[in-house]
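Please open the model in your viewer and keep the sequence panel beside it, since this tour moves from one selection to the next. Each stop names what to select and then says what is found there.

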Amino acid sequence: MVTEIKTAEQFEKDILGKSGFALVDFWAVWCRPCKMMGPVIEGASELFEGQVSFYKVNVDEVSELASKYEIMSIPNMIMFKDGKPVGSITGYHPIAELKQKIHDIIG
């Protein structure tokens, strides 16, 4: 399951305030590669259930977060561990590549 973050306050509570791993997908409605990543992110959320929490942030709706994390191109996924960024993945990746990249980050 992928949870949509609607506010900076929700981001602070759900991502920065929790322990464990979280993947945050920064995306936009108009972004074709972002749309292609949607089902991949959903699939990864099922593969990593119980290990990684998955979230998405629409950069147009919550632009202050895109600014804070210096998101210059999308899709851009940032991995967090215990509320701190520990890695990022930019661009479209098929499920096998995304799975490997997540494994590389979480160990």
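A residue counts here as buried when its relative accessible area is under 20%, as exposed when that area is over 50%, and as partly exposed in between. The model is a predicted one.

**First stop: M77**

Select M77, which lies in strand β4. With a relative accessible area of 0%, M77 falls under the 20% limit and is therefore buried. Now show its surroundings: leaving out residues up to four places away in sequence, M77 touches L23, V24 and D25, then M37 and I41, then G87, S88, I89 and G91, and finally L98. For one of these partners, G91, the C-alpha atoms lie 8.4 Å apart in space, while the separation from M77 along the sequence is 14 residues.

**Second stop: the sheet**

Next, switch to a cartoon view and follow the strands across the open sheet, which has 5 strands in the order β1-β3-β2-β4-β5 and mixed pairing. Its edges are formed by β1 (2-5) and β5, each of which pairs on one side only. Neighbouring strands of the sheet are turned against each other by 25 degrees on average, direction ignored. Where strands pair, they do so through backbone hydrogen bonds, in either a parallel or an antiparallel sense. Zoom in on β1 and β3, which pair in the parallel sense over 4 bridges, and pick T3, whose bridge partner in β3 is Y55. Then bring α4 into view: this helix packs on the sheet, touching β2, β3, β4 and β5, and its direction makes about 155 degrees with that of β5.

**Third stop: the nonpolar cores**

Which residues touch the most other members of the largest nonpolar core? Select F11 and F26, which have that place among the core's 21 residues. The elements that give two or more residues to this core are α1 (8-16), β2 (21-27), β3 (52-58), α3 (63-68) and β4 (76-81), and β2 provides the largest share, 4 residues. Keep F11 selected and display its contacts: beyond residues up to four places away in sequence, F11 touches I5, L16, V24, V57, L65, Y69 and F80. Apart from this core lies another, of 16 residues, and I41, A44, I89 and L98 are among them. In soluble globular proteins, nonpolar side chains tend to be buried together.

**Fourth stop: H93 and its contacts**

Move on to H93, in the loop between β5 (84-90) and α4 (95-106). Its relative accessibility is 10%, which is why H93 counts as buried. Two polar partners can be shown here: the backbone oxygen of T90 lies 3.0 Å from a polar atom of the H93 side chain, and the side chain of H93 also makes a polar contact with the side chain of E97, at 3.0 Å. Leaving out residues up to four places away in sequence, H93 touches M37, V40, L98 and K101.

**Fifth stop: the annotated cysteines and a cis peptide bond**

Select C31 and C34 together, because these are the positions covered by the UniProt annotation "active site", which comes from an unreviewed entry and may be inferred rather than shown by experiment. C31 is found in the loop between β2 and α2 (32-47), whereas C34 has its place in helix α2 itself. C31 is buried, with a relative accessible area of 4%, and C34 is buried with a relative accessible area of 4%. Not counting residues up to four places away in sequence, C31 touches I74 and P75, while C34 is in contact with W27, A28, I74 and P75. Now select the peptide bond from I74 to P75, which is cis, with omega near 0 degrees; P75 is placed in the loop between α3 and β4.

**Last stop: two residues with positive phi**

Most residues other than glycine have a negative phi, and most peptide bonds are trans. Select E70, which is not a glycine and yet has a positive phi of about 50 degrees. E70 lies in the loop between α3 and β4 and is exposed, with a relative accessible area of 60%. Finish at D82, also not a glycine, with a positive phi of about 50 degrees. D82 is found in the loop between β4 and β5 and is partly exposed, with a relative accessible area of 41%.

Note on methods
Residues are numbered from 1 along each chain as its sequence is written. This is a predicted model: local features need pLDDT of at least 70, side-chain atom pairs count only at pLDDT 80 or more; totals for chains, interfaces and linings use all residues. Side-chain values use heavy atoms; hydrogens and water are left out. Buried means under 20% relative accessible area, exposed over 50%, partly exposed in between (1.4 Å probe, protein chains only). A polar contact is a pair of N or O atoms within 3.5 Å; within protein, one must be able to donate a hydrogen and the other to accept it, and residues adjacent in sequence count only if both atoms are side-chain atoms. Contact means heavy atoms within 4.5 Å. A nonpolar core is a set of buried Ala, Val, Leu, Ile, Met, Phe, Trp, Tyr and Cys residues joined through side-chain atoms within 4.5 Å. Two strands pair if DSSP finds at least two bridges between them. Axes are lines fitted to C-alpha atoms, for helices over the stretch in contact, and angles run from 0 to 180 degrees between N-to-C directions.
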